[in-house]
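Hi,

Here is the structure I said I would pass on. Have a look at it first, and then read my notes underneath.

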Amino acid sequence: MGLTWTEWLSTGVEWQDEQHKELFGKINRLMGLIEGKSEWKDLADILRFLDIYISSHFRNEESAMYKLRYPESFSHKAQHELFKRLVANLKDRFERAEGRDIRIFASELQKLLTDWLYGHIAQEDKRLGSFLQAHGH
Ligand SMILES: [Fe+2]
């Protein structure tokens, strides 16, 4: 069973929500990989998506923070950097482990993204969203 997007996860800023929903879709996709027949290529696709997604989505949030001098920019960016390192580390291990059970990586990545969803998106990003809204975004 997949996760369902709820308004509770909404930051109130449309572009932020749209981008977060994309990530949400990948979490559900990973669940499918864990439960069903999964191929190496499927996970490689998701990791490739994450590379592009992370750099563009974080850049969007960070430039909005800097432009409006968001007071929590520093700690917010530090969380982005940590998440980037965690994903890069998993990707690195994945690339060197071809032939191993893909479900192990899929469930590790799914956990990482789910923790991110509840630990960052539902907290820091919502706070940032309120700030952006208060400043006319
Ligand atoms: Fe963020």
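**The iron site**

Going along the chain, the donors of the iron ion are spaced as E-x14-H-x3-H-x39-H-x4-D. Please keep in mind that this is a predicted model. The residues behind that pattern are E61 (OE), H76 (NE2), H80 (NE2), H120 (NE2) and D125 (OD), which coordinate the iron ion at 2.0 to 2.3 Å.

Two of these are worth finding on your screen. H76 and H80 sit 4 residues apart in helix α3 (residues 73–95), which is about one turn of the helix. Are they buried or exposed? Both H76 and H80 are buried.

**The rest of the protein**

The fold is quick to describe: the protein has 4 helices and 0 strands, so the pattern along the sequence reads α-α-α-α.

As for size, the C-alpha atoms fit a box of roughly 50 × 30 × 20 Å along the principal axes. The radius of gyration is 16 Å; a compact globule of 137 residues would come out near 14 Å, so the two agree. Of the 137 residues, 43% count as buried.

Contacts in the protein often link distant parts of the sequence: among those with a separation of 6 or more, 78% are between residues 24 or more positions apart.

On the outside, the accessible surface is about 7,600 Å², and carbon and sulfur atoms make up 54% of that. Finally, the charges: there are 20 positive and 22 negative side chains in the protein, with the centres of the two sets 3 Å apart.

Cheers

How values were computed:
Residues are numbered from 1 along each chain as its sequence is written. This is a predicted model: local features need pLDDT of at least 70, side-chain atom pairs count only at pLDDT 80 or more; totals for chains, interfaces and linings use all residues. Side-chain values use heavy atoms; hydrogens and water are left out. Donors are N, O and S atoms within 2.8 Å of the metal (3.2 Å for Na, K and Ca); water is not among the atoms, so sites may look incomplete. Helices (H or I, at least four residues) and strands (E, at least two) are DSSP runs, numbered from the N terminus. Buried means under 20% relative accessible area, exposed over 50%, partly exposed in between (1.4 Å probe, protein chains only). The radius of gyration is taken over C-alpha atoms; the globule rule is 2.2 Å times the number of residues to the power 0.38. Contact means heavy atoms within 4.5 Å. Accessible areas come from the Shrake-Rupley method with a 1.4 Å probe; for residues, only the protein chains shown count as cover. Lys and Arg count as positive and Asp and Glu as negative; His and the chain ends are not counted. The place of a charge is taken as NZ of Lys, CZ of Arg, CG of Asp or CD of Glu.
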